[in-house]
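Hi there,

I'm passing a structure over to you, with some notes on what turned up in it. Have a look at it first, and then read on.

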Amino acid sequence: MSKHHGKHRRDQPPGETSSSALQRDVSHRKTGKVAGVDPILAPAATGIVTVRPGTRCDLGSIDADAGGGLDKEAAKAVLATERARIAALQERLYAEHARSLLVVFQAIDTGGKDGSIRAVFEGVNPQGCRVWSFKVPSAEESDHDFLWRYHAKAPARGMITVFNRSHYEDVLVVRVKDLVAEPVWRARYAQINDFERMLSASGTTVLKFFLHISKDEQRERLEARIADPDKHWKFDPADLVERKAWNAYQAAFADALTECSTPQAPWHVVPANRKWYRNLLVARTIADTLEAMDPRFPRAQADISGLTVPD
Ligand code: ADP
């Protein structure tokens, strides 16, 4: 990687939460130049629980219903400012053409991946942003190693890439549905960590969000889809079958978040029952991360100040 002139902000220990996401305390954040290939991350927004690398993720202890003491309208107003920050920083990242950002979303069905992407990336120049949704692998994809299809979609320099589902499906649905033998999916935790370490060392900041909803909230969202004809397109009867495996999915998520929360790519658990709070926390964390990366417009190739444009 060529141009790592960003700020390094890893001084806030992951795993911290507090009540108000509106109060931004940046005084504790020291900044400093980093050399070479250190990952450039920012502490997650207050209200998110970051899984401390090497510690067990206990999803049951994280309140999916949290709202940070905010009200919906106030949160929506703040979301607009976070979106503006993302848009401005994304332009710099694109112009700099040196580094990239990979944003990974994982959640149980109805957890809000699509809604978060829509809300957070509104206003970002589509030319500098790609969203990839990963479904059941095609025959060609299945004929390759499990990371092949994800690596092919990893961001190019200057880009923000969003994974709507990701390489984590290969230790989640694959495990719950017993699609490969246990030793195969177990080995994947280390393989995923190696993959993300390589991306990070190549100038890609990896930001991973787990959208945490409660089982009651999932029931309400499924019922809403059944009740509203405009939401029928979103309803898949298979979701009712998957819901029966709720506990198996929660166990698989907890293990993935435990095994694959690393210093270079920690997992962020977002309370996601309240959509407006979820959107705010995700947007703020992305904006803070881009700010920590500190992308710069490149210098002009030569002194162009005296040039005139011919008729
Ligand atoms: P979504 O639920 O993300 O809106 P779909 O309804 O099309 O989109 O679901 C995509 C499906 O693909 C999910 O059921 C998911 O479990 C499945 N899937 C994704 N990746 C894999 C994988 N690697 N192996 C098996 N199934 C996968």
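**Strands, a ligand and two helices**

In β4, the bridge partner of Ser-133 is Asn-164. Please keep in mind that this is a predicted model.

Asn-164 is a handy place to start, since Phe-105 also stands opposite Asn-164 in β4. The link to Phe-105 belongs to the pairing of β2 (residues 100-107) with β4 (residues 160-164), where the two strands run parallel and 5 bridges join them. Another pair there puts Leu-101 opposite Ile-160 of β4. On the side of Ser-133, β3 and β4 also run parallel, joined by 5 bridges.

Zooming out, these strands are part of an open sheet of 6 strands with mixed pairing, in the order β1-β6-β5-β2-β4-β3. The edges are formed by β1 (49-50) and β3 (129-133), each of which pairs on one side only.

Now to the ligand, which is probably what you will open first. Which residues surround the ligand? Ser-133 turns up again here, followed along the chain by Phe-134, Lys-135, Val-136 and Pro-137. Arg-165, Glu-169, Asp-170, Val-173 and Val-174 are also in the shell, and Asp-109 and Asp-236 complete the set. By class, this shell has 6 charged, 5 nonpolar and 1 polar residues.

The sheet has a helix across it as well. Helix α10 (residues 275-293) lies across β2, β5 (204-212) and β6 (267-271), and runs at about 170 degrees to β5.

Helix α10 also packs with helix α1 (residues 72-96), at an angle of about 30 degrees and with the axes 8 Å apart. Angles under 35 degrees count as roughly parallel, and therefore α1 and α10 are roughly parallel to each other. The crossing of α1 past α10 is left-handed.

If you want to look at that contact in detail, the residues of α1 that take part include Val-78, Leu-79, Glu-82, Ile-86, Leu-89 and Leu-93. From α10, they meet residues among which are Trp-276, Tyr-277, Leu-280, Ala-283, Ile-286 and Leu-290. Counted by class, the contact of α1 with α10 has 13 nonpolar, 7 charged and 2 polar residues.

Enjoy exploring it, and do write back with any thoughts.

Best wishes

Notes. Residues are numbered from 1 along each chain as its sequence is written. This is a predicted model: local features need pLDDT of at least 70, side-chain atom pairs count only at pLDDT 80 or more; totals for chains, interfaces and linings use all residues. Two strands pair if DSSP finds at least two bridges between them. Helices (H or I, at least four residues) and strands (E, at least two) are DSSP runs, numbered from the N terminus. Two residues are in contact if their C-beta atoms, placed from the backbone, lie within 7 Å. Axes are lines fitted to C-alpha atoms, for helices over the stretch in contact, and angles run from 0 to 180 degrees between N-to-C directions. A residue is near a molecule or strand if its C-beta atom, placed from the backbone, lies within 6 Å of it. Ala, Val, Leu, Ile, Met, Phe, Trp, Tyr, Cys and Pro count as nonpolar, Asp, Glu, Lys and Arg as charged, and the others, Gly among them, as polar. Angles under 35 degrees count as roughly parallel, over 145 as roughly antiparallel, 65 to 115 as roughly perpendicular and the rest as oblique. A crossing is left-handed if the near helix is turned anticlockwise from the far one by less than a right angle, and right-handed if clockwise.
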